[in-house]
Amino acid sequence: MLTAIEVTARIDDQVLLPPASLEVAEGECVAITGPNGSGKTTLLRIITGRLAPTEGEALLDGEPVDERSAATRASIAALLGVPAMYPDLTIGDHLELVHATWQLEAADVDADLDRFSIAALRDRFVHELSSGQQQLFSLALTFARPARLIVLDEPEQRLDAHRTGLLAEAVEAAVAEGQAVVMACHDHGLVERAAQRRVEL
Amino acid sequence: MRAPDRLLRELRERPSTSDRATDIYIAVLAVLVFVVPLARWATLQLAPAMARDVGPVHVAIVTAALGVAAVGAGRTRGPVAPTAPYVDWVVSGPDDLARVLRPFWWRSLGGVTAVAVVAGLVVVASRDTWPDPLAAVVLAVVVLAFGLLLAVAWLAGQSRLRLSALALALLSAAAGWPLHDAWAGLGTQPRWWVMVVPVVAVVAMLSARRMVVALLPSRLRTQALRWSQVESFAITADLASAADVLRGRTRRGRGWRPTFGAPALVRRDLIGLLRSPGRAAAGIALAGLSGLLLSPAQDAPTPIIAIAAVALSYAAACYLSDGLRFSAANRSRPPVFGLTPARTALQHLVVPTVLLVVVISAAAAVGGVAASGCGLALLAVACRAASAFKGLLPIEYLTPIVTPVGEMSSLRVLFWVADAFLVCVLVGATILFQTDLWTGAGLLLLAAVLVGFWARSRWAR
């Protein structure tokens, strides 16, 4: 479903991403690994259509990926940094808003929260979360919306071992349902457990 | 230990002579470039209004608003405003709190007093006849004392002493009567009872030390850090982020899950407003005041009331469009919600548009100018949207523009930041002041549509 062919990113003579290729099929989890500065996040920005490659091309179902395209926005759920969160809504309100705007009538907020063991935070505002809780909530938001491809940038950051295990379970469940997952990751345990393939940059 | 010692010494040190000279030079330039022309313009605008009958109640409304604003401002940034390192290294040390914080209090007090003196000069210069000299001195003393009262009210707001703050806000309102009488005495002879204001101001000043000592260092540090962030965002003209820093934290209504039939983001905006009753009340009050001013604005001999009415409507739009601002500021992030950017923007426009149209029109209807109120509300919302959708400051705007009269890039940044507000004020006030009711309403509507297209073009970029 997603193909990136020899994509690169450069600003003047500065190389942000050397040529890289990637192919992801439905029901597959691909981990992108590599040292800091190797271009993992840049590659994720290219395959989500948020950055045009300097060379090469990124295709979703054979069409160029473009964040302005409705098809791209509907197909890809991305966690690149902190997602937009309203300061006057609680955690539960945000998930209800996700369900309402995607018209997911059968969806359950409690189930979304339980997936990352944050049900107790339902009535908290975003500014009342610790950084680890905020990461869990960001993951809950990303997994709550419908998508064919989930893109995660270092999803394990600020998580303890137990919560990293929950993240692995969420990825495995998404893959089992036929969703594709691409994640840039530094946690070898998570990669070993959740990813079918690994691309080293 | 030498490095901390040196840091402490530097933090405590008085500014050098060259620093002081630079400060004085900048202050003189600011007075010549901004204060004098503005004061001159205000004098010309106030002159015809002075010929009309301004009652003590009118003055009391203005002084009460100033008192409340001073208390409110103190909660966000008080007159005692040290830097965060100063709080960490000096205020948190063993020294007497009153002694280490006194310089900041005196500095702010001097600033407020200077502003009061300039305001008093503008008002006196607006008269078309020479005042009685003794009455002029009395007015100057009363205005100066009122400035002191406001400064103490500002400090009371910062120190969160509720009773003191309430008392000072009430005293500010009550000061409207003596201020009016001191003004009225200029044409005849001084009225000595007005000297009660300086007496009250001196008593209030005596409580300042208690208020300074009541300041919590942790709160001073929070204010310092917050303002440092605001300054950083302001330098890059990122006012949306600056507003986010200043915005109060939502704490109410967390368990409230209303279900009512409305599009998802319209419901969100209503919930957001109900959870921030202070913002909602401020927005509605500003909108109501703007509507009430529309009728006098159209009959007034000066455009200053029309300018105030339009500025208030724009401020009300800012208070009531939190959802729009937040959504516009975060539109570059990956989408979580299942709406297109266009539907997101349109849904976020519903609540501020409906509220402003209803409140401003209803208030304007009191003076029989509801149509103008409706037009102004739509113009204010359109300008607010144009401002929210403008995005981040283009980096090339920071490159220097060297002209024979100096470097002008900051002026360009200033215009970029305030463009929608300036359009709102210039277009809105001109139409309100120059045209009759129905022509004005039609032109305001037309202006709102044109600004709406402008906002849309910015959003589409």
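**Exercise 1.** Which side chains meet in a salt bridge at 3.5 Å, N to O?

*Solution.* Start with the rule: a salt bridge puts a side-chain nitrogen of Lys or Arg within 4 Å of a carboxyl oxygen of Asp or Glu. Now look at A:Asp88 and B:Arg247, whose side chains meet in just such a bridge. The count between chain B and chain A is four salt bridges.

A quick note on what you're looking at: this is a predicted model, where local features need pLDDT of at least 70 and side-chain atom pairs count only at pLDDT 80 or more, while totals for chains, interfaces and linings use all residues. Residues are numbered from 1 along each chain as its sequence is written, chains are lettered from A and ligands numbered from 1 in the order written, and side-chain values use heavy atoms, leaving out hydrogens and water.

**Exercise 2.** Work out how many residues each chain brings to the contact, and what area is buried between them.

*Solution.* Contact means heavy atoms within 4.5 Å. By that rule, chain B brings 29 residues and chain A brings 29 residues. Next, buried area is the accessible area (1.4 Å probe) that two parts lose on being put together, summed over both. Here that's about 2800 Å², with 57% from carbon and sulfur atoms. On the chain B side, B:Arg254, B:Val336 and B:Phe337 lose the most area to chain A, together 24% of what that side buries.

**Exercise 3.** Decide whether B:Tyr25 is buried or exposed.

*Solution.* Buried is under 20% relative accessible area, exposed over 50%, and partly exposed in between (1.4 Å probe, protein chains only). B:Tyr25 has 54%, so B:Tyr25 is exposed.
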